[in-house]
Amino acid sequence: MAFLDTCSTLLDRELAGITLKIKPKELSDAVAYGLESKGKRIRPAVAILSCLAVGGSIGDAKKVALSAELVHTSSLVLDDVIDKAEKRRGRETIHTIWGENIALLTIELLISLALRAALGDVRLTEAISKSLFFMGEGEAIELVNVPRDEKSYLDLALRKTGALFGASAFMGAVVGGGDDDSIENLEQFGNHLGIAFQIQDDILDCVSSEEDLGKPVRQDLFMGRPSIVLIDAINSGVEKSEMLLCNNGELMDLLSDSIEYARGLAAREIAIAKEYLQMVDESRWRRQLESLCDYIVNRDR
């Protein structure tokens with residue numbers, strides 16, 4: 001999607017020099033390293049497009065787009081520490097280079113920078129706080145109360161991923177000057193878009209190669225993490241021990257029905273997201289958000 005490239009360029013400008021005053025150098029280097037590991041930057045794009053969709057400007061949106069990216073980056077560092085992951089987007093993870101203590105301090109600094117970027121409107125800092133709260137709950141649920149059915153999985157996906165998408169849309173609509181209804185509709189749009197994003201991640205973990213994803217695949221299976229594909233397969237009678245014996249191609253064949261089920265569930269969440277979008281005034285920016293929906297469920301990494 002071309003707009004994602006535009007968003008990435010904007011963020012690069014906002015991120016330039018953001019770590020210069022961080023001490024000591026080791027912590028500054030770790031924060032910079034985390035921010036250099038560019039992803040798709042979809043959450044900042046959601047913030048910017050939501051701002052534009054209610055009549056705001058890119059200038060209005062750039063600080064909250066930065067906040068969304070900083071919070072997201074902090075969550076990736078935390079995921080890697082919890083999972084003891086060695087690779088992220090094809091590079092060594094922060095904790096493998098600087099150690100776990102610096103990785104945890106990197107998370108703290110990233111959140112601090114995200115809150116600083118959003119200062120000036122209590123609604124923005126509350127949105128960041130709310131998303132961090134839900135994301136923390138999501139991490140804990142993964143560790144101690146793994147979902148076993150669709151309902152509990154969707155609840156987790158909202159906390160783990162949907163909450164920050166929703167906060168990104170909410171913040172963009174707030175700084176864009178949207179009315180209360182538009183802000184609420186865009187937040188709900190973001191929530192469901194994020195759930196669909198998480199479902200697609202679960203699918204990709206089963207069907208992609210490590211080279212495509214830039215990180216190890218089949219990690220949901222090996223580490224016992226909640227995945228809607230695996231939940232459906234196990235509930236359909238497929239044994240985990242059987243899955244563990246499969247190579248990538250064999251696993252895709254074994255889970256083909258569950259993968260299709262997950263694709264249908266992602267499509268349902270996208271349809272709900274688009275319903276909320278229909279309640280926002282028609283514009284080229286709303287159409288861009290609709291295109292983003294299609295991109296998310298068709299992406300291959």
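Let's fix one term before we start: a residue is buried under 20% relative accessible area, exposed over 50%, and partly exposed in between (1.4 Å probe, protein chains only). The model here is predicted, so local features need pLDDT of at least 70 and side-chain atom pairs count only at pLDDT 80 or more, while totals for chains, interfaces and linings use all residues. Numbering runs from 1 along each chain as its sequence is written, and side-chain values use heavy atoms, with hydrogens and water left out.

**Exercise 1. Work out which face of α15 is buried, and what covers it.**

Step 1: find the helix. Helices are DSSP runs (H or I, at least four residues), strands are E runs of at least two, and both are numbered from the N terminus. α15 covers residues 256-277, which is 22 residues.

Step 2: check the length. The expected span is 1.5 Å times one less than the number of residues. For α15, the distance from first to last C-alpha is 32 Å, close to the expected 32 Å.

Step 3: list the buried residues. They are S258, I259, A262, L265, A266, E269, I270, A273 and L277. Looking down the axis, these fall within an arc of 140 degrees, so they line one face of the helix; the arc is taken from the directions from the helix axis to the C-beta atoms.

Step 4: flip the helix over. The face turned away from the buried side carries exposed D257 and E275.

Step 5: see what sits on top. The cover of the buried residues includes α8 (150-175), α9 (180-207), α12 (228-235), α14 (248-254) and α16 (284-298).

**Exercise 2. Do the same for α16: which residues are buried?**

Step 1: 15 residues should span 21 Å at 1.5 Å a residue, and the end C-alpha atoms of α16 are 21 Å apart, so the two agree.

Step 2: W285, R286, L289, E290, L292, C293 and I296 are buried. Their arc is only 155 degrees around the axis, which puts them on the same side of α16.

Step 3: R284 and N298 are exposed on the other side. Cover for the buried residues of α16 includes α1 (2-15), α3 (42-53), α8, α9 and α15.

**Exercise 3. Is D220 buried or exposed, and what does it contact?**

Step 1: D220 lies in helix α11 (residues 219-223).

Step 2: its relative accessible area is 8%, so D220 is buried.

Step 3: contact means heavy atoms within 4.5 Å. Leaving aside neighbours within four places in sequence, D220 touches D202, D205, R225, S227 and L230.

**Exercise 4. Describe the largest cavity and its lining.**

Step 1: set the rules. On a 1 Å grid over the protein atoms alone, a cavity is a set of points where a 1.4 Å probe fits but cannot get out, a pocket is an open set with protein on both sides within 12 Å along at least five of seven lines, and lining residues have an atom within 4 Å of a point. Points are joined across faces, edges and corners, and the volume is the space filled by probe spheres set on them.

Step 2: there is 1 cavity of 30 Å³ or more, and the largest has a volume of about 130 Å³.

Step 3: its lining has 13 residues, with G34, S37, D80, R88 and I94 nearest the centre. α2 (25-36), α4 (58-83) and β2 (91-92) each give two or more residues, and α4 has the largest share, 4 residues.
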